[in-house]
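Biologist: Please take a close look at a single part of this model, the open sheet, and follow it outward to whatever adjoins or shares its strands. I would like one connected account, with the reasoning spelled out where there is any.

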Amino acid sequence: MAKKNQFLIDITDPDNWLFPTKGYNPDGSISEDQRTIVLPEGMDRRYCFTDSVMRKTQVADGPIMTHEHHQGYETFFVESSSMWYYIDGKKTLVEAGKIIHMQPYEAHSFIFNGDVQFRGTFHDWNCADDSLATSTLEAHYPDAKKDPEFFALLCSNIDLHMRGYADFVEVPPEEVPAVKDPKHPMAQFDIDGAVLKMITARWENGGKKEMWLAEMEPGFWAEWDPYPVTQDMFYVTEGQIRFKVYDEEFVAHKDCIVKIPKYAPRSFEVLEQASMYDVGGITRWYALLQDFTALKKFEPEKADKAAYDEMRQRFGCAVKAYGKR
C-alpha cells in the first residue's frame, strides 16, 4: 500500500473522514451525513474543513424555523443539487456552484431539494469541538442524537441558537449578500496565466481572513519565500496541480485539500486548467493586488520587483514569484 502524502487530503477517501457522524430530523430520519476533514487550529480556529451530504428535506406545511450563531463565520460550497436558503428575511434558490458565507447573528435556515454535497470551512467557531466526543458517544449509544435532551445540550455547546419562525420574501440570489457566485466575484485581477477572484472579503470575516479563487492555465507556477511564517490551506475543485513541499512532490486534483505548515518551503505548477481556493486566507491579497495594479497603471516605471517585494511584505504575502512558463 502506497504511503499517503502528509500534505494532501483527498476529501472523497473515507480514510480521511475524521469522526464521521449523522444528524437527525425530529422524526428520527437522517438529515445529514457529516465528516470532519481538517480540525481547526490556532487562536482564531482557522483551517477547519468539513464535508457533508445534506439529505433531501422532508418538507412540512407551515412557517420556517431559523437559527443563528453568536460567534464564528461559516463558508459553504454547494457542490450538488440545489436548496432554498433563508436568511435575514429573504428566501432564495441556491444551486450547485454557488457559495454561501454567514456571519454571526444572521438568522438562517435551509430546505434541501435533493441530497446536497455541502463542504464547509469555518473560523472563530467551535463547530468541530465536539466531533470526537459525539462520535465516541454514538459508537456506544447509536441513538443518542435522537434524544431531544442530548440534542438541546449539543446545540448549546456549539453556539447554535434557535430563533423561532420568520417571514421571508423570495428574491434572486444576487440580492442576498451571503450568496457568493464565483462567476461574479467581489473583485477580480488578471495576472500572467491566472485570474484571481475575491469570494469573501476581509471585512466579512471580522478582519481575520479573506477567501480567493485562482483560475489557472497550464504552466502557471508560484514559488514562496524559503520559510513562510504562515501555513496555507487550498481546496482544489478542478484540474491538476503539482506541488512541492520541502523535497516532496505530489499532484493535487479535484476534491483535494492541500494543507502546508508554516516554515515549509513550497511551490506549485499547474498541469492542466485548474481552479483552487485559498481557504486559509491569511494574505491581504485584495490590498496587495489593488495597490500594485494601481501602481502599474499610474506610475509604471516604479512597478518593479522591489516595489512588489515591499508591498507583499507589508500585506503578509510570502509568494515571492509567479507567472506562466
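Modeller: In this predicted model, seven strands form an open sheet with antiparallel pairing, and their order across it is β2-β3-β4-β11-β6-β9-β14. The edge positions are taken by β2, residues 18–24, and β14, residues 179–180, and because each of these has a single partner strand, one side of each remains without a neighbour in the sheet. Helix α1, which covers residues 131–140, packs on the sheet and touches both β2 and β3, the latter spanning residues 30–38; the direction of α1 makes an angle of about 70° with that of β2.

Further into the order, strand β4 (residues 48–54) and strand β11 (residues 116–123) run antiparallel and are joined by seven bridges. Within this pair, F49 has T121 of β11 standing opposite. As a general point, the strands of a sheet pair through backbone hydrogen bonds, in either a parallel or an antiparallel manner.

The loop that leads from β3 to β4 deserves separate attention for its backbone. Most residues other than glycine have a negative phi. R45, which is found in the loop between β3 and β4, has instead a positive phi of about 50° although it is not a glycine. Y47, located in the loop between β3 and β4 as well, likewise departs from this, with a positive phi of about 70°. Their accessibilities place them in separate classes: R45 counts as partly exposed because its relative accessibility is 27%, whereas Y47, at 7% and therefore under the 20% limit, counts as buried.

One strand of the sheet also leads to a pocket. β6, residues 73–78, is among the strands that each supply at least two residues to the lining of the second largest pocket, together with β17 (211–216), β19 (232–245) and β22 (266–278). The largest share of that lining, four residues, comes from β19. The volume of the second largest pocket is about 410 Å³, and its lining comprises 21 residues, with E79, G97, P182, T237 and Y277 lying nearest its centre. By character, the lining of the second largest pocket divides into nine nonpolar, three polar and nine charged residues.

Conventions:
Residues are numbered from 1 along each chain as its sequence is written. This is a predicted model: local features need pLDDT of at least 70, side-chain atom pairs count only at pLDDT 80 or more; totals for chains, interfaces and linings use all residues. Side-chain values use heavy atoms; hydrogens and water are left out. Two strands pair if DSSP finds at least two bridges between them. Contact means heavy atoms within 4.5 Å. Axes are lines fitted to C-alpha atoms, for helices over the stretch in contact, and angles run from 0 to 180 degrees between N-to-C directions. On a 1 Å grid over the protein atoms alone, a cavity is a set of points where a 1.4 Å probe fits but cannot get out, and a pocket is an open set with protein on both sides within 12 Å along at least five of seven lines; lining residues have an atom within 4 Å of a point. Grid points are joined across faces, edges and corners, and a volume is the space filled by probe spheres set on the points. Ala, Val, Leu, Ile, Met, Phe, Trp, Tyr, Cys and Pro count as nonpolar, Asp, Glu, Lys and Arg as charged, and the others, Gly among them, as polar. Buried means under 20% relative accessible area, exposed over 50%, partly exposed in between (1.4 Å probe, protein chains only).
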